[in-house]
Structures are given as structure tokens and as C-alpha cells.
Amino acid sequence: METIGKIIATEKQPSTIEYFTFWTDKNVKLKPFDVVVVDHIQKSKTYGVVEEISHITDAPSALAGFISSDFGQIESQTYTERIGMNYVKCNVVGNTKNIYTPVQESRLVHLATRDEIKEALGLDDVQNKLPAGYIEMYDGDNKLSIPVHFNSHYLIGPEGAHLNISGISGLAAKTSYAMFLMKAIQDMAMKNKEESVAFIMMNVKGTDLLSIDKMNGRKEEISEIQPIYTDLGLDLKPFQQVKYFYPYSKDKTTYTYEKLERIEERLNAKQAFQFKYLFETTEDKECLDLLFANVDDPNETIESIINYIIAGSGKFNGVETWADFQKVLKEQSTPSDKSSSGKEISVLSWRKFFRLFNKSYQKNGQMFTNGLGLDGKCVRLRDSIANIKKNDVFVIDIAKLDEESQGFVFGDVMRAVYNLKLGSSDRPAEAIPERVVIFIDELNKYASTDVPKSSPILRQLLDITERGRSLGIVLFGVEQFISDIHKRVKGNCATQAFGRTNAIEITKEDFRFVPSIYKTMLTRLKQGEYIIQNPVFRSMLNIKFPKPIYKYYE
């Protein structure tokens, strides 16, 4: 344990129960998030996390530096070196004897040992361990790398739940960190037979998540990943028990970026399926409102139309196919004196509804079809989710669908999970996974401050974040800017992960209580670095994580 300085307590800047400062030699290498130890009263030790580092000299003003260089001669050499030191501000995170009186002037300050760092940050006695990454302390000869673990009960329940990850596009590697955590959760569940977790991942970008059951083929990356996975106790394997779901189309590739040969190979092996929506199925008709999630409906006109349709009123009585539904919908949109059915809703409202529905139907009409077929390669998502098993990973590909249809599928998935957990399934309770993790990228599309309050998808997200923990439904959400997300959604996420962001974002309300130096660091974090906040940790942590173990595309 190296001694690096002494406490400073001045009239203008005293030590407090929250902060202390100390001087150290200007050649000592420290950085924000490093942990230091201070000798305190009753032979106790107080732990502090470095926040700010300043360098001061005995120069009374900036002019002194100019004068000492022979009045501005850059090449000049000073005969007497100025007295200088580094001045470090630390946030108090704990005391070995729970003594929280301020540390005293001239007390010795030391670099922390590995065990002291764990104790200081709350990493030494974590129950239900789940790898979160690793932290690096100090530089040079004193450098330490320490594994970091969540208490899984504060990430996926029952004590706390939900994860929100934010950061700018590309550099922040948001999806990679979410996938790293879900891989860790699956490893934990497979080793611990008492844990029962399943995963539903929405693939929204190209083929990002369409090979997660295949090993990363980049040998140089595997050599970097292996020692980290070993330290964290993770298996050097990709995701297990993976099934892929593609939107139905006759040629199989109309609504996906995946290659035809890969799709056919998986369909034949029963590792993949195409999903359809059937008009004759009540649940599919009831999901019509999801197509209009981003449409402002202050008078609840759209809701009235959907209720009219589901009830089979007027000409909708007996309609059993999407094509017939479209035909009747068009008739309702045409002024006529022959029939009064549905006239309590104005023709203009019917026209708006028809126009919005027809837009999605024309683009993704093959997904809205009749019958599943007899070969078993086509399914309804609700039926598949109703039969999801422990450790299953469902990857639902919506990357090539238009925005309205993406929301439609995502909303349907959330409702299917709710139905599963609320007991509407015929399966015995012990056969249903205790927790289902739903992962969605670009959360801002469905839970931003600009989404209409009447949006059924927003209502579903609010319900999941507020009630999902008790039901075993966990949301892992990702977006570029956390300031865009509805305050009740992000406020109910027990874990926050902040990746690299821009200078404008850190001025927003969400970063109000983040120390200024941490805000500055957020603008220059590297890929594979996050600042995370979790109830178990006594301070925000600057963690790192490895590249994906599964096959991914750049």
C-alpha cells in the first residue's frame, strides 16, 4: 500500500462527510474513479473515489509564469523551479468502522489494495454474482484489473429490475454491452439450476443479432476475450438455445437482410420460423391499435374504430381475411347514403384509419396472411412465446420492416409476454420461465417524450417498468440520448449505463447530479467503456467489457 500524500483541510475548503482533498506529488499518476484510503480516527480507514485533479504552484497569478520566462521568451530556462503539487478532490464512499466524521488535516493518503478497492466500492460481498465487466485502477506499476459483478437480483429482479443503456451511435457499443450482460445471465442460469430466465431480443439493425449462436471467428479478438471471460467466470461459448423468427414472405427474404441459404438451413433444422398475423385470430385483430402507436389520437377516434371492428359491427361481421378487411375498410371510407353502419364515426376518420392501415399493409402485406400452412415453418409469435422455455433465446428480426410495423411486432411481443406471465397460458406455472428479459434497441421510437400519451406501446412500456419486476418481466432498453426517454420509463430502471455521448447531452437534466469531471469523461469514453450506476455499488463505476464472443458484423 503506497503512501501518496496527505489530507488538506483549509478554511475555505474544509473536509466534510462527503468530500475531502489531499495533496500529492505532481509525478504520481492518478485518474478519476481511482480509489484511495485515508487513515482515520479509532484506527479506521476512510475510502474515497477520485473526482477531480488539479495542479497548483506558488505563482500568485498567470503573469508570474510569463515574467519568470524572461518576459515571454519560450526558450528561456528558469533558475529556480516553482513549488508545485497536485491537488485531488475525492468523494467519500465508506469507512471501515462506519465513522463518518470528516477526515483530519495531514492524515496519510494511500493507494488502495485490491481487497480495499472491493470493499470501498461494495464489490467484496456481492450476492447472486453476475458479471458486469471489469475496472482498471491506477496506471504504471500500480495498475490493477478487478472483475465487477452485479447482484443479479438488482438487475433482473426481484429486488430491482430493468436496464437502460445510452450513448451516441456507433462509438458507444450499446448493443454489445447489453448482449454481454444477457450472455452472462444465460451462463449464470445454466450453471445455477434454480435460476429460470428466457430472452426475447428484437433485431432492429441489419443482421446484428442474426448469428448470436455462432462463435466469433476473429482469432485476434478471441485471444483478447479469453482471459477476460476466464476472470469473470464466463463460458467461452456463444448463446445457447437460440431460435430466429423472420417476418413471413413467399421468397423468405423480402422483409429480412438475412441470406436465403441461411434462412432455409435454419427453417429445415427447426431453428428458425417465419411469423404471420391472421385476421381470424382475435388477438391479432386486437393488436391493430399498435399500428397507430405514434399517431396522436386526442379524441380517441382510432380507438373507437378498432373497438367497432373487433366487435364485428356492421359490415365487419363475418370478415375473416385481411383482404376482405381492407375491402370493407375502403367501403367505410366512401361516402354513402345506403347504409348507416358505422356512421357514428365520421367518414374522414375512417379515411384516416384506412390510409394509415393501408400504408403498412401495402409494405408488409405478406406478413398479414391467412393460415399458417402445414409444414410447421410458419408460426404466430404469440403461440411461440406462450411456449418459451428456460434459457431459450428468441431473436425476432424486424430490421427491414417499416417503423409502424416494427412497433406493431414489438407491441405484440410485449403483450404476449404479459399474457404468459399473467397466467393466461395453459402451461403449469413451474414450466414458465420465472423471468423473461425483453431487449429492444432504439427505445426512443416507442418511449420518447414526443410519443403521444395515448400510444398503446408507451402504455405497455410504462406498465412493464412499473409492474414488470413483480411479474418477472424485465426490460433492457437502448437509445442514443437518455434525455429523450419518458421519465417514468428511465426512472424505473434500477441500472443505468452511460456510454460516450456529446457535450449537448450532458447539459440535460438527467446528468444534473453527475460530477462535472465524469460528465467530461462521458464525451471521450472509448468503445468498450461505460459509466454504470446500480443500487449495489457505492459509487458510479467506469467499467470495461470485452468484444462479443458471438459472430457479429461490423
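Biologist: What volume does the second largest pocket have?
Modeller: This is a predicted model, where local features need pLDDT of at least 70, side-chain atom pairs need 80 or more, and totals for chains, interfaces and linings use all residues. Residues count from 1 along each chain as its sequence is written, and side-chain values use heavy atoms, leaving out hydrogens and water. A pocket is an open set of points on a 1 Å grid over the protein atoms alone, where a 1.4 Å probe fits, with protein on both sides within 12 Å along at least five of seven lines. Filling the second largest pocket's points, joined across faces, edges and corners, with probe spheres gives about 360 Å³.

Biologist: Which residues are closest to the centre of the second largest pocket?
Modeller: Its lining (an atom within 4 Å of a point) has 19 residues. Closest to the centre are K31, M521, E529, N542 and K544.

Biologist: Which elements give two or more residues to that lining?
Modeller: Strands here are DSSP E runs of at least two residues, and helices are H or I runs of at least four, numbered from the N terminus. For the second largest pocket, the elements are β7 (129-137) and β21 (541-544).

Biologist: And how much space lies in the largest pocket, and which residues are closest to its centre?
Modeller: The largest pocket holds about 710 Å³. Of its 26 lining residues, the closest to the centre are A173, S176, Q527, K547 and P548.

Biologist: Which element gives the most to the lining of the largest pocket?
Modeller: Both α3 (174-191) and α4 (219-232) supply at least two residues there. With four residues, the top contributor is α4.
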